[in-house]
Amino acid sequence: MGGSGSGRGAVKGIGMGIGIGRSGGNRTVLITGVSKGIGRALAIELANRGHTIIGCSRTQEKLDSLQSLLTTNSNHHLFLNTDVSCNNSVAEMARIVMEKKGGPPDIIVNSAGTINKNNKMWEVPAEEFDLVMDTNLKGSANVLRHFIPLMLRKNEGEGIIVNMSSGWGRSGAALVAPYCASKWAIEGLTRSVAKELSQGMAVVALNPGVINTEMLASCFGVSASMYQSPELWALKAATMILNLTPADNGASLSV
């Protein structure tokens, strides 16, 4: 959301499926904010490619709907009602993942996010500003806090983490200052954490581009429908994410 940006790593293949680079073989992928938008589309695409999804959301009904949709190997997927903005909730999710899966995910995608209603900064209610920061920034930080230690124990450090950023996390836009601030923070958080990981790991900030989601509609109104669907985006994004390696650590990338 918020522009395509100019980061490294544009996708070279679209929807190639299993067998491209590191995307062959089953990977376990944790996706936050899995109940809607790009998180949901990415979960479906990766599951269709044979990968195992661990998804979390605050909406049980939408989690149940996604669970029923992913009928192939559905018993291998794990969907949890988790509020990523709550540290204790994420701690419990990590405990359940280790109990049910016997180890940490291979890939984490911090996709949970929200945006403020279009407004000048000084007219954004404090509660709304807090919600954006709590979800977009603190939610990602909570996931890192509880899952990185688990990844570090695997083969002396192994795993890929994708923090969803935005073109507006590398520039700025009127009326969405809280959202822009949260995504600028994601960029800085990612670059800093990258310096703390082991050599077998990577964390990247990924600008997904401009996608027709509820969040975009809140900013652009009906013109949001002019942009690509989450499903088309997921074809490209899945291939890119599956092919990330430790060499990408600290990068700001764009789909």
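**A walk through the fold, starting at a cysteine**

Let's start at Cys86: with 31% relative accessibility, Cys86 falls in the partly exposed class, because buried would need under 20% and exposed over 50%. Keep in mind that this is a predicted model. If you're wondering about disulfides, a search of the whole structure turns up zero. Take Cys219, which is in no disulfide: its nearest cysteine sulfur belongs to Cys180 and sits 8.8 Å away. A disulfide pair needs sulfur atoms within 2.5 Å. Cys219 itself is buried, at a relative accessible area of 16%.

Now step back to the whole chain. There are seven helices and seven strands, and from the N terminus they run β-α-β-α-β-α-β-α-β-α-β-α-α-β. Of the 255 residues, 50% are buried. The accessible surface comes to about 11200 Å², and carbon and sulfur atoms hold 53% of that. Among contacts with a separation of 6 or more, 72% are between residues 24 or more positions apart.

What holds the middle of the picture is nonpolar packing. The largest nonpolar core has 34 residues, and Ile31, Leu42, Leu46, Ile53, Val109, Val162 and Trp233 touch the most other members. Elements giving two or more residues to this core include β1 (28-32), α1 (37-48), β4 (107-110), β5 (159-164) and α7 (230-242). Apart from it lies another core, this one of 25 residues, including Leu30, Ile148, Ala194 and Met201. For a close-up, look at Val109: leaving aside neighbours within four places in sequence, Val109 is in contact with Val29, Leu30, Ile31, Thr32, Leu42, Val162, Met164 and Ile241.

Next, follow helix α5 (residues 177-194). Its 18 residues should span 26 Å at 1.5 Å a residue, and the end C-alpha atoms are indeed 26 Å apart. Its buried residues include Tyr179, Cys180, Lys183, Glu187 and Ala194.

Tyr179 takes us to the aromatics, where the whole structure has two pairs. The rings of Trp168 and Tyr179 have centres 6.3 Å apart and planes at 85°, so they count as edge-to-face. Trp168 is in the loop between β5 and α5, eleven residues from Tyr179 in the helix. Trp168 also pairs edge-to-face with Phe220, at 6.4 Å centre to centre and 65° between the planes. That second link reaches helix α6 (residues 214-220), with the partners 52 residues apart. Together, ring pairs join Trp168, Tyr179 and Phe220 into a cluster. Trp168 is buried at 11% relative accessibility, whereas Phe220 is partly exposed at 29%.

Key
Residues are numbered from 1 along each chain as its sequence is written. This is a predicted model: local features need pLDDT of at least 70, side-chain atom pairs count only at pLDDT 80 or more; totals for chains, interfaces and linings use all residues. Side-chain values use heavy atoms; hydrogens and water are left out. A nonpolar core is a set of buried Ala, Val, Leu, Ile, Met, Phe, Trp, Tyr and Cys residues joined through side-chain atoms within 4.5 Å. Buried means under 20% relative accessible area, exposed over 50%, partly exposed in between (1.4 Å probe, protein chains only). Helices (H or I, at least four residues) and strands (E, at least two) are DSSP runs, numbered from the N terminus. Contact means heavy atoms within 4.5 Å. Accessible areas come from the Shrake-Rupley method with a 1.4 Å probe; for residues, only the protein chains shown count as cover. The expected span of a helix is 1.5 Å times one less than its number of residues. Rings of Phe, Tyr and Trp (its six-membered ring) pair if their centres lie within 6.5 Å; planes under 30 degrees apart count as stacked, over 60 as edge-to-face and the rest as tilted.
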